[in-house]
Amino acid sequence: MTASSEPEDSGAPPFDPEDYRRTLGCFATGVTIITTRQLNGECAGLTVNSFNSVSLDPPLVLWSLSLFSQSLLAFQEASHFAVNILAVDQVELSNRFATRRDDKFDGLEYTLDECGVPLLAGCAAHLVCRQQYRHYGGDHIIFIGRVASFARTDREPLVFCQGDYRVARPLPPDKLPGGSK
Ligand SMILES: Cc1cc2nc3c(=O)[nH]c(=O)nc-3n(C[C@H](O)[C@H](O)[C@H](O)COP(=O)(O)O)c2cc1C
């Protein structure tokens, strides 16, 4: 694993932060919980929608973690992480992992992958990644992982857009090119 640069100076942004957040919220994403297991055996994880694919060959993915996250040290030290892609009926789980608390994994159903990372039950899909690169970007660290294994189900994925959880639906025919008006 290599780290690129140190945190940058943060000057005040030349625009309204709330307006900026709302604009970013126009970009619909899925919802993931990124998990890992610390050297002391404790599990760590948080809800993340900055996940994305970087490269198919080699298979690389990225996500970014706030420097203020309680999980920061766990992910900085981890050799592997899992991307748990949430299904539509996992909003409660998403909210649990989007809250700063020490008991996120209490009473939860999960298995440990052969790389030792927690795979949460009931997800739409999982990817297990080896941490490969790390870049500082403002108030976040971008983790890039190389996919070691993955699995998917036919569960419908959860969507996050404009600050709300949603479901993905096919466009009605009249919204498709050449569709009826
Ligand atoms: C839909 C959604 C997406 C989120 N995406 C991210 C993200 O990409 N990176 C991040 O650092 N926090 C993200 N968060 C916020 C964290 O989940 C939240 O701050 C959490 O409490 C962090 O937990 P921790 O402090 O125990 O690590 C997201 C929250 C929600 C609800």
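In this predicted model, strand E2 and strand E12 (residues 158-161) run antiparallel to each other and are joined over two bridges. One of the pairings puts threonine 29 opposite phenylalanine 160, its bridge partner in E12. The two strands belong to an open sheet of three strands, ordered E2-E12-E13 and paired in the antiparallel sense. Strand E2 (29-30) and strand E13 (164-167) sit at the edges, so each of them pairs on one side only. As a general point, the strands of a sheet pair through backbone hydrogen bonds, in either a parallel or an antiparallel way.

Between E12 and E13 comes a loop, and glutamine 162 is found there. Glutamine 162 is a bit of an oddity: its phi is positive, at about 50 degrees, although the residue is not a glycine. Glutamine 162 also counts as exposed, because just 11 other C-beta atoms lie within 10 Å, and the cut-off for exposed is 12 or fewer.

Stepping back to the whole chain, there are three helices and 13 strands. The C-alpha trace spans about 60 × 45 × 35 Å along its principal axes. The radius of gyration is 18 Å, which agrees with a compact globule, because a chain of 181 residues folded that way would come out near 16 Å. Of the 181 residues, 24% count as buried. Contacts also reach a long way along the sequence: taking those between residues at least 6 apart, 67% join residues at least 24 apart.

Strand E3 (residues 32-37) is a good place to look at burial, since six of its six residues are buried. In a regular strand, side chains alternate between the two faces of the sheet. Both faces of E3 are covered, with Thr32, Ile34 and Thr36 buried on one side and Ile33, Thr35 and Arg37 buried on the other.

E3 has pairing partners too. With E4, E3 runs antiparallel and is joined by six bridges, one of the pairings being threonine 32 with valine 48 in E4. E3 and E4 make a hairpin with five residues between them, and in the turn glycine 41 has a positive phi of about 90 degrees. With E7, E3 also pairs in the antiparallel sense, this time over four bridges. Here isoleucine 33 has asparagine 84 of E7 as its bridge partner.

Nonpolar side chains tend to be buried together in soluble globular proteins. In this chain, the largest nonpolar core holds 30 residues, and Ile33, Ile34, Phe81, Val83 and Leu86 have the most contacts inside it. Strand E7 (residues 80-85) gives the most to this core, with four residues. Setting aside residues up to four places away in sequence, valine 83 touches Thr32, Ile34, Phe51, Val61, His126, Leu127 and Cys129.

Then there is the ligand. It is surrounded by 17 residues, of which Ser50, Ser66, Ser69, Gln70 and Ser71 come nearest. Strand E4 (43-48) and strand E6 (60-66) are the elements that give two or more residues to this shell, and E6 gives the most, with four residues. Sorted by class, the shell around the ligand has nine polar, seven nonpolar and one charged residues.

A few prolines round out the picture. Aspartate 57 and proline 58 are joined by a cis peptide bond, with omega at about 5 degrees. Proline 58 is placed in the loop between strand E5 (52-55) and E6. Proline 17, for its part, is found in helix H1 (residues 17-24). Proline 17 counts as exposed because it has 9 C-beta neighbours inside 10 Å. From proline 17 to proline 59 the sequence separation is 42 residues, and the C-alpha to C-alpha distance is 34 Å.

Terms used: Residues are numbered from 1 along each chain as its sequence is written. This is a predicted model: local features need pLDDT of at least 70, side-chain atom pairs count only at pLDDT 80 or more; totals for chains, interfaces and linings use all residues. A residue is buried if 20 or more other C-beta atoms lie within 10 Å of its own, exposed if 12 or fewer, and partly exposed in between; C-beta atoms are placed from the backbone. A residue is near a molecule or strand if its C-beta atom, placed from the backbone, lies within 6 Å of it. Ala, Val, Leu, Ile, Met, Phe, Trp, Tyr, Cys and Pro count as nonpolar, Asp, Glu, Lys and Arg as charged, and the others, Gly among them, as polar. A nonpolar core is a set of buried Ala, Val, Leu, Ile, Met, Phe, Trp, Tyr and Cys residues joined through C-beta atoms within 7 Å. Two residues are in contact if their C-beta atoms, placed from the backbone, lie within 7 Å. The radius of gyration is taken over C-alpha atoms; the globule rule is 2.2 Å times the number of residues to the power 0.38.
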